[in-house]
Amino acid sequence: MIFHVVAAVSELESKTQLRIELEGEEILLCRDGDEYFAVSYYCSHEALALEGGSIVNRCITCPYHGAEFNLTTGEALSSPAFAPIKTFPVKVEDDLIAIAIGTK
Ligand code: FES
């Protein structure tokens, strides 16, 4: 599994989300306190952007219809979404945040 550096920790100091594009995949890099998560940029309900959703207790709430997703597993925790969203492994080293994608 190869990790790609996508952001600096300092870029997420004053915000909790960052849109990343990596190998054609749109990803939402999320910060909850000092933990980082990478999930699909789009909600599994109507494929609208999750960016701007509130992040609490390692969960993100879709800003459109309120579905909640576990940021660790991608599991849909409340309707109207039932399908999970993708998650990607995240590694933080010093000031760098890296995401693993695919199998390459
Ligand atoms: S698009 Fe996210 S809950 Fe509807």
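The predicted model contains 10 strands and 0 helices. Read from the N terminus, the succession of elements is accordingly β-β-β-β-β-β-β-β-β-β. The C-alpha trace extends over about 35 × 30 × 20 Å along its principal axes. The radius of gyration is 13 Å, which agrees with the value near 13 Å that a compact globule of 104 residues would have. Of these 104 residues, 28% are classed as buried. Contacts that bridge distant parts of the sequence were also examined: among those between residues at least 6 apart, 40% link residues at least 24 apart.

One part of the fold is an open sheet of 3 strands, arranged in the order β1-β10-β9 with antiparallel pairing. Strands β1 and β9 (residues 90–93) form the edges, each pairing on one side only. From one strand to the next, the twist averages 30°.

On one side of this sheet, β1 (residues 3–8) runs antiparallel to β10 (residues 96–100), and 5 bridges connect the two. Within this pairing, V5 lies opposite A98 of β10, and A7 lies opposite I97 of β10. On the other side, β9 and β10 are likewise antiparallel and are joined by 4 bridges. Here V92 has I97 of β10 as its bridge partner. Strands β9 and β10 constitute a hairpin with 2 residues between them. In the turn of this hairpin, D94 adopts a positive phi of about 55°.

The side chains of β10 were then considered by face. In a regular strand, side chains alternate between the two faces of the sheet. Along β10, I97 and I99 are directed to one face and are buried. By contrast, L96, A98 and A100 are directed to the other face and are not buried.

Nonpolar side chains tend to be buried together in soluble globular proteins. In the present model, the largest nonpolar core comprises 25 residues, and L29, C30, A38 and V39 have the most contacts inside it. The elements that contribute two or more residues to this core are β3 (residues 25–32), β4 (residues 35–40) and β10. Beyond its neighbours within four places in sequence, L29 is in contact with V6, A7, Q17, L18, I20, Y36, A38 and I97. The contacts of L29 thus include I97, a buried residue of β10 that stands opposite A7 and is the bridge partner of V92.

The chain start was examined separately. M1 is located in the segment before β1. This residue counts as exposed because it has 9 C-beta neighbours inside 10 Å, the cut-off for exposure being 12 or fewer. Apart from residues within four places in sequence, M1 is in contact with P89 and A100. A100 belongs to the face of β10 whose side chains are not buried. The C-alpha atom of M1 is separated by 21 Å from that of E35, which is 34 residues away along the chain.

Conventions:
Residues numbered from 1 in each chain as written. Predicted model: local features only at pLDDT ≥ 70, side-chain atom pairs only at ≥ 80, totals over all residues. Buried ≥ 20, exposed ≤ 12 C-beta atoms within 10 Å, placed from the backbone. Contact = placed C-beta atoms within 7 Å. Pairing = 2+ DSSP bridges. Axes fitted to C-alpha atoms, helices over the stretch in contact; angles between N-to-C directions. Core = buried A, V, L, I, M, F, W, Y, C linked by C-beta atoms within 7 Å. Rg over C-alpha atoms; globule rule 2.2 N^0.38 Å.
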